[in-house]
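Student: Please take one part of this model and describe closely how it is built and what surrounds it. I should like one connected account, with the criteria behind each term stated.

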Amino acid sequence: MADERAVPLVAVIGVSGSGKSTIGRALARELAVPYAEGDDFHPESNVAKMRAGTPLTDQDRMPWLHAVADWLADHAAEGGVVACSALRRGYRDLLAAAAPGVFFVHLHGSAELIGARMAERHGHFMPSSLLRSQLDTLEALQHDEQGAVVPVDGTPQDTATLAVAVVRAHLSPDAARQPPIGL
Ligand SMILES: Nc1ncnc2c1ncn2[C@@H]1O[C@H](COP(=O)(O)OP(=O)(O)OP(=O)(O)O)[C@@H](O)[C@H]1O
Ligand SMILES: [Mg+2]
């Protein structure tokens, strides 16, 4: 009998600069499912705030989170990967309520490492000044969430390989009811 979790439905989460877009795209390619860029679901007013270095309020985030949740729900049968910071437990609960099969891949690195990578990034609207507030906002995956922590201190290829492995482990039948996979 087919395992109902055999379709990968993944939200790649983490602070700005942790590699969500880079790894999310690679993961979707490897798993052969559609990819969505969570940033594309922000209304223009949110993009303007982020560009100005102003942290978003929870109220700002609601239309964005609901749009991401809708995308996940729409891809529950086909599978998909979305890059979406989802730093707070409450945001992830909203996504998981809309798409109960969603698996969270949390990209984790030190503030120093991610800050250095952000400083090297060009043509991106997220200024480094938001990193601190994102790190303060971040709530780690909890044991009753479906997800895994993936370190980003290697190359993008290393990280993508680990991300594929944790998703495949989750999808394998004997991975049922496991707590989040730690570092
Ligand atoms: N191991 C790694 N994993 C992921 N990204 C890495 C890694 N090593 C270096 N990088 C680089 O770090 C940067 C990560 O940027 P990326 O835009 O993917 O992050 P993001 O989480 O999507 O940020 P944002 O939330 O601002 O959109 C890229 O320039 C990527 O090449
Ligand atoms: Mg991104």
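Tutor: A residue is called buried under 20% relative accessible area, exposed over 50% and partly exposed in between (1.4 Å probe, protein chains only). By this criterion Asp 74, at 61% relative accessibility, counts as exposed. The model is a predicted one, in which local features need pLDDT of at least 70 and side-chain atom pairs count only at pLDDT 80 or more, while totals for chains, interfaces and linings use all residues. Residues are numbered from 1 along each chain as its sequence is written, chains are lettered from A and ligands numbered from 1 in the order in which they are written, and side-chain values use heavy atoms, with hydrogens and water left out.

The part chosen here is strand E4, with the sheet and helices around it. E4 spans residues 103–108 (helices, H or I of at least four residues, and strands, E of at least two, are DSSP runs numbered from the N terminus). Five of the six residues of E4 are buried, so the strand is largely enclosed by the rest of the structure.

E4 belongs to an open sheet of five strands in the order E2-E3-E1-E4-E5, with parallel pairing (two strands pair if DSSP finds at least two bridges between them). Strand E2 (35–37) and E5 stand at the edges of the sheet. Each of these two has a single partner strand, so one side of each is left without a neighbour in the sheet. Neighbouring strands are turned by 20 degrees against each other on average, direction ignored (axes are lines fitted to C-alpha atoms, for helices over the stretch in contact; angles run from 0 to 180 degrees between N-to-C directions).

Helix H1 packs on this sheet and touches E1, E2, strand E3 (80–83) and E4 (contact means heavy atoms within 4.5 Å). The direction of H1 makes about 165 degrees with that of E2.

On one side of E4, four bridges join this strand to E1 (residues 9–13), and the two run parallel. Ala 11 of E1 has Phe 104 of E4 as its bridge partner. E4 is also joined to E5 (residues 147–151), by five bridges and again in parallel. Within that pairing His 106 stands opposite Val 149, and Leu 107 has Val 150 as its bridge partner. In a regular strand the side chains alternate between the two faces of the sheet.

Leu 107 and Val 150 lead on to helix H7, because both are touched by Thr 159, a residue of that helix. The other contacts of Thr 159 are Ile 23, Pro 151 and Val 152, residues up to four places away in sequence not being counted. Thr 159 is buried, with 3% relative accessibility.

The contact with Ile 23 forms part of the packing between two helices. The axes of H1 (residues 20–31) and H7 (residues 156–171) come within 9 Å and cross at roughly 55 degrees. H1 is therefore oblique to H7 (angles under 35 degrees count as roughly parallel, over 145 as roughly antiparallel, 65 to 115 as roughly perpendicular and the rest as oblique). On the H1 side, Thr 22, Ile 23, Ala 26, Leu 27, Glu 30 and Leu 31 take part. They meet Pro 156, Thr 159, Ala 160, Ala 163, Val 164, Val 167 and Arg 168 of H7. Beyond H1, in the loop that leads to E2, lies Ala 32. Ala 32 is exposed, at a relative accessible area of 67%, and has a positive phi, near 60 degrees, although it is not a glycine.

Helix H4 also adjoins E4: what covers the buried residues of H4 includes E1, H3 and E4. These buried residues are Arg 89, Tyr 91, Arg 92, Leu 94 and Leu 95. In the loop between E3 and H4 is Ala 86, which is buried at a relative accessible area of 0%. Its phi is likewise positive, near 40 degrees.

H3 (residues 58–74) packs against H4 (residues 89–98) at an angle of about 30 degrees, with the axes 8 Å apart. The two helices are therefore roughly parallel. H3 contributes Asp 58, Arg 61, Met 62, Leu 65, His 66, Val 68, Ala 69, Leu 72 and Ala 73 to the contact, and H4 contributes Tyr 91, Leu 94, Leu 95 and Ala 98. Asp 74, the exposed residue of the opening, lies in H3. Its C-alpha atom is separated by 9.4 Å from that of Ala 98, 24 residues apart along the chain.
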